[in-house]
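The exercises below each set a task and then work through the solution step by step. Please try each task with the sequence and the structure in view before reading on.

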Amino acid sequence: MDAVFYTDEYLGDGMKPTYYKALWHNCNSCKIHYMSEEPHIRAYLCDECWNAIPHFQVKNVQAVQRKVMTKKKDYSIGEILLYTIGNLICLAVIGCYLWLR
Ligand SMILES: [Zn+2]
């Protein structure tokens with residue numbers, strides 16, 4: 001249950017009244033009214049009920065180590081030449097079929 005709460009209290013030099021937005025909720029467990037701006041963080045429970053439930057705690061967490069990226073293998077000049085010659089042969093075959101026939 002949400003409710004908006006306004007007050008016309010003045011803040012010194014301000015001409016407009018200051019408004020306070022108060023959010024009231026019903027506790028899911030004891031149904032008491034309580035105020036919170038982020039009730040979902042505590043599962044819509046009041047402070048007492050929230051502290052009463054068991055809280056899961058993680059202990060002795062091992063630090064996750066990042067895997068070091070292996071350096072990319074460089075291409076040797078032989079591989080580059082082989083790739084280039086292969087491409088040229090393919091182009092030559094395509095060129096033959098396009099221009100000579
Ligand atoms: Zn409660």
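**Exercise 1. Find the place of N60 in the fold, and decide whether N60 is buried or exposed.**

Solution. N60 lies in the loop between α1 and α2, the latter covering residues 77–99, where helices (H or I, at least four residues) and strands (E, at least two) are DSSP runs numbered from the N terminus. Residues are numbered from 1 along each chain as its sequence is written. The model is predicted, so local features need pLDDT of at least 70 and side-chain atom pairs count only at pLDDT 80 or more, while totals for chains, interfaces and linings use all residues.

The next step is to count neighbours: a residue is buried if 20 or more other C-beta atoms lie within 10 Å of its own, exposed if 12 or fewer, and partly exposed in between, with C-beta atoms placed from the backbone. N60 has 4 C-beta neighbours inside 10 Å, and therefore counts as exposed.

Finally, look at the backbone: N60 has a positive phi of about 55 degrees although it is not a glycine. Most residues other than glycine have a negative phi.

**Exercise 2. Compare Y44 and L45 by location and by burial.**

Solution. Y44 is found in the loop between β2 and α1, and L45 is also placed between β2 (33–35) and α1 (47–52). Y44 counts as partly exposed because it has 16 C-beta neighbours inside 10 Å, whereas L45, with 21 such neighbours, counts as buried. Y44 has a positive phi of about 55 degrees and is not a glycine.

For the surroundings of L45, leave out residues up to four places away in sequence; L45 then touches C27, N28, S29 and W50, a contact being a pair whose C-beta atoms, placed from the backbone, lie within 7 Å.

**Exercise 3. Work out whether the end-to-end distance of α2 agrees with its number of residues.**

Solution. The expected span of a helix is 1.5 Å times one less than its number of residues. The 23 residues of α2 should therefore span 33 Å, and its end C-alpha atoms are 32 Å apart, which agrees. As for burial, the count of buried residues in α2 is zero.

**Exercise 4. Describe the whole chain and the confidence of its prediction.**

Solution. Two helices and two strands make up the secondary structure, in the order β-β-α-α along the sequence. Of the 101 residues, 2% count as buried. The average pLDDT (the predictor's confidence in each residue, from 0 to 100) is 82, and 77% of the residues score at least 70.

Terms used: Two residues are in contact if their C-beta atoms, placed from the backbone, lie within 7 Å.
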